[in-house]
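Me: Could you take one strand of this structure and look at it closely, together with the parts of the chain around it? Please go step by step, since I am new to this.

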Amino acid sequence: MEPPPNPEELSMSADRQLLFGVYFDALRMEDVIARCRTALVTRSRMLLGVLNAAKVVHMRNDPLLRNSLIDCDLLLADGQSIIWASRLLRRPLPERIAGIDVFEGLLTLAHREGRSIYLLGARAEVLAKLQDRLSERFPGLRIVGSHHGYFQASESAAIADDIRASGADMLFLGITSPKKEIFLSAYGGSLGVPILHGVGGSFDIMAGLTKRAPLRWQRWGMEWAYRLLQEPRRLLGRYLVTNSVFILLTAREVIAPARAFQSTKIATHPTPIGSLRH
């Protein structure tokens, strides 16, 4: 058994908290957007990562997912259960930062300051609806490129070239893990795009295909329950397993806090991953 982290490691930075083996950034939404704006001004990379209970569970046995999270410039708590656990463990995070809320905050920033965006992911028809919705909501928003998420691995390099040539300030990826991580691992460093944000199923929500939980449910930290009521057959088993494991991991954190994970070398190449599908 590895020795527990020392107190200095647990309180490495006032803005970061070590929880479940990764450093979360203890920020509020306005701080996240401010840091992204600084990255835009300085043209420095800002790779955003969001973590919920399911990812905390899966990253333990998924080195690709784990590495992708360690590589993030900002790692944020997307799940309310992580916020509750952080308070229980006395390493508190100030608030839940949902990936879709960051997406909306960055779109607002792009619209206000004339920054350009590129959209990658979803089905072609969903992507078209998303662009229509964004154009209605943010008139004049500079969408300098887009591509659906149903492409073959052999097309990845050409798509990366298109993103690079677009000169986009922000890239939003609506493709699921681990496909998103594989794409970013292969091309993220060479795209020249300061803001990189994987938004999961947010394209579907903002395109109007699926509904997000009402604001009251979001404030109560019950957005997961709303999703469960919408799709009980698909989500019930998954929630039972991952939430049970997450509770056990939290109990273990109380007794023996996990040391910080270190990045491990994994052989990845864009050609063997199959198609990148939403």
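**Strand β8 and its surroundings**

Reply: L173 stands opposite G198 in β8. This pairing, like everything below, is read from a predicted model. It belongs to the contact between β8 and strand β7 (residues 170-174), which run parallel over 4 bridges. To get from β7 to β8 the chain passes through α9, and this β-α-β crossover is right-handed.

β8 has another partner. Strand β3 (residues 46-51) also pairs with β8 in the parallel sense, here over 3 bridges. One bridge of β8 with M46 is made by I195.

Next, the side chains of β8. I195 and H197 point one way from the strand, while L196 and G198 point the other way. I195, H197, L196 and G198 are all buried.

After β8 comes a loop. G201 is found there, between β8 (195-198) and α10. G201 has a relative accessibility of 39%, so it counts as partly exposed; the range for that term lies between 20% and 50%. G201 and G121 are 80 residues apart in sequence, yet their C-alpha atoms are 9.4 Å apart in space.

Past α10 there is a further loop, and R212 lies in it, between α10 (202-206) and α11 (215-219). The side chain of R212 has a polar contact of 2.7 Å with the side chain of D101. A polar contact of 2.6 Å joins the side chains of R212 and E223. With neighbours within four places in sequence left aside, the residues in contact with R212 include D101 and E223, and also R96, A98, I100, I205, Q218 and Y226.

Now back to α9, the helix of the crossover. It takes part in the aromatic pairs, of which the model has 7 by the rule used. In one of them, the ring centres of F151 and F183 are 6.4 Å apart and the planes are at 70 degrees, so the pair is edge-to-face. The F151–F183 pair links distant parts of the chain, 32 residues apart: F151 sits in the loop between β6 (142-147) and α8 (156-166), and F183 in helix α9 (residues 179-187). Both F151 and F183 are buried. F183 has another pairing, with Y187: the centres are 5.3 Å apart and the planes at 50 degrees, so this pair is tilted. F183 and Y187 are 4 residues apart in helix α9, which means that about one helical turn separates them. Y187 is buried, as is F183. Elsewhere, F103, F172 and F203 form one aromatic cluster.

The loop that holds F151 follows β6, and this strand contains V144. V144 has a relative accessibility of 32%, so it counts as partly exposed. The C-alpha atoms of V144 and M170 are separated by 9.9 Å, although the two residues are 26 residues apart along the chain. Apart from its neighbours within four places in sequence, V144 is in contact with S116, I117, S166 and A168.

To sum up, β8 pairs in the parallel sense with β3 and with β7. Its residues I195, L196, H197 and G198 are buried, whereas G201 in the loop that follows is partly exposed.

Definitions and conventions: Residues numbered from 1 in each chain as written. Heavy atoms only, no water. Helix = DSSP H or I, 4+ residues; strand = E, 2+ residues; numbered from the N terminus. Polar contact = N/O pair within 3.5 Å; in protein donor to acceptor, adjacent residues only side chain to side chain. Contact = heavy atoms within 4.5 Å. Phe/Tyr/Trp six-rings, centres within 6.5 Å; stacked < 30°, edge-to-face > 60°. Buried < 20%, exposed > 50% of the residue type's maximum accessible area, 1.4 Å probe, protein only. Pairing = 2+ DSSP bridges. Right-handed = clockwise from strand over helix to strand, strands pointing away.
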